[in-house]
Amino acid sequence: MLQAFDRHLFTLINGAHTPFWDGVMAFVSRRESWIPAYIFLIGWLIWHFRRRAWLLLPLTFATVGAADSVSSRFFKPWLGRLRPCHEPALTRTLHLVAEVGCGGTYGFVSSHAANTAALATLLSLVLPARFRAFKGGLIAWAALTGYSRIYLGAHYPGDVLAGWALGATLGAGAAWLFERGVRRWAL
């Protein structure tokens, strides 16, 4: 029943396509689209956190790397759930955006969702309350990235939800380590 609901929700999201949204979702989903934002973010974190950035940045890279590695090297091959774009029963109704493609054979859990949720959770927890709008932007970016993966036919909604859960868990753990490190080393 849960799998049938997942497939139905996927069909609704993937089937609601337009040329405009195809372009937007393809842009959002491409990792290289975000390189300028990542470069800016690294510089801003160094400026804002000063000495503490030398603890935060390695933790951030390790957290996103762990989310990516656990999702793609552990869950995907271990569980072996086909991506919707590799599912023979969906080939006639599936809408794929040619410039994005499909990705690897397996899709559970979504690495895009795990990576963005890890980064958004970590930074949302370590940034001061005055950055509420920035934190909201990070959460919206993670949500939009996950949605784009469903829209583009690369993941079922369950893949994305599991990716968000994995990323949020790792991000929360990294935030806890950061706070402990700051107290321990008086940064």
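**Helix α4**

I began with α4, whose 27 residues reach 37 Å from the first C-alpha to the last. The span expected at 1.5 Å a residue is 39 Å, so I noted the two values as close. I should record here that the model is predicted.

I then looked for a bend and found one of about 30° in α4, at Ser 71. Ser 71 also appears among the buried residues of α4. Others in that list include Ala 53, Leu 55, Leu 56, Leu 57 and Leu 59. The list is not purely nonpolar, as Thr 60, Thr 63 and Lys 76 are in it too.

What covers the buried residues of α4? I found that the cover includes α3, α5 and α7. Just after α4, I noted that Gly 80 has a positive phi of about 60°.

**The cores**

Nonpolar side chains tend to be buried together in soluble globular proteins. I looked up the cores next.

The largest nonpolar core has 23 residues. Leu 45, Phe 49, Leu 56, Leu 123, Val 126 and Phe 178 have the most contacts inside this core. I checked which helices feed the core: α3 (35–49), α4 (53–79), α5 (111–126), α6 (132–151) and α7 (157–184) each supply at least two of its residues.

I picked Leu 123 and set aside its neighbours within four places in sequence. Leu 123 is then in contact with Leu 41, Leu 45, Leu 56 and Leu 138.

A second, separate core has 15 residues, including Phe 10, Leu 90, Ala 113 and Tyr 151.

**Aromatic pairs**

I describe a pair of aromatic rings by the distance of the centres and the angle of the planes. I noted a count of ten aromatic pairs.

Why is the pair of Trp 34 and Trp 141 edge-to-face? The planes stand at 65°, which is over the cut-off of 60 degrees, and the centres are 5.9 Å apart. Trp 34 sits in the loop between α2 (19–29) and α3, while Trp 141 is in helix α6, 107 residues apart. I looked up Trp 141 and found it buried, because its relative accessible area of 12% is under 20%. Ring pairs also link Phe 27, Trp 34, Tyr 38 and Trp 141 into a cluster.

Trp 44 and Phe 134 form a tilted pair, with 5.2 Å centre to centre and 45° between the planes. Trp 44 is in helix α3 and Phe 134 in helix α6, so this pair ties together parts 90 residues apart in sequence.

Are Trp 44 and Phe 134 buried or partly exposed? Trp 44 is buried, at 16% relative accessible area, whereas Phe 134 counts as partly exposed at 30%.

Definitions and conventions:
Residues are numbered from 1 along each chain as its sequence is written. This is a predicted model: local features need pLDDT of at least 70, side-chain atom pairs count only at pLDDT 80 or more; totals for chains, interfaces and linings use all residues. Side-chain values use heavy atoms; hydrogens and water are left out. A nonpolar core is a set of buried Ala, Val, Leu, Ile, Met, Phe, Trp, Tyr and Cys residues joined through side-chain atoms within 4.5 Å. Buried means under 20% relative accessible area, exposed over 50%, partly exposed in between (1.4 Å probe, protein chains only). Helices (H or I, at least four residues) and strands (E, at least two) are DSSP runs, numbered from the N terminus. Contact means heavy atoms within 4.5 Å. The bend at a residue is the angle between axes fitted to the seven residues ending there and the seven starting there. Rings of Phe, Tyr and Trp (its six-membered ring) pair if their centres lie within 6.5 Å; planes under 30 degrees apart count as stacked, over 60 as edge-to-face and the rest as tilted.
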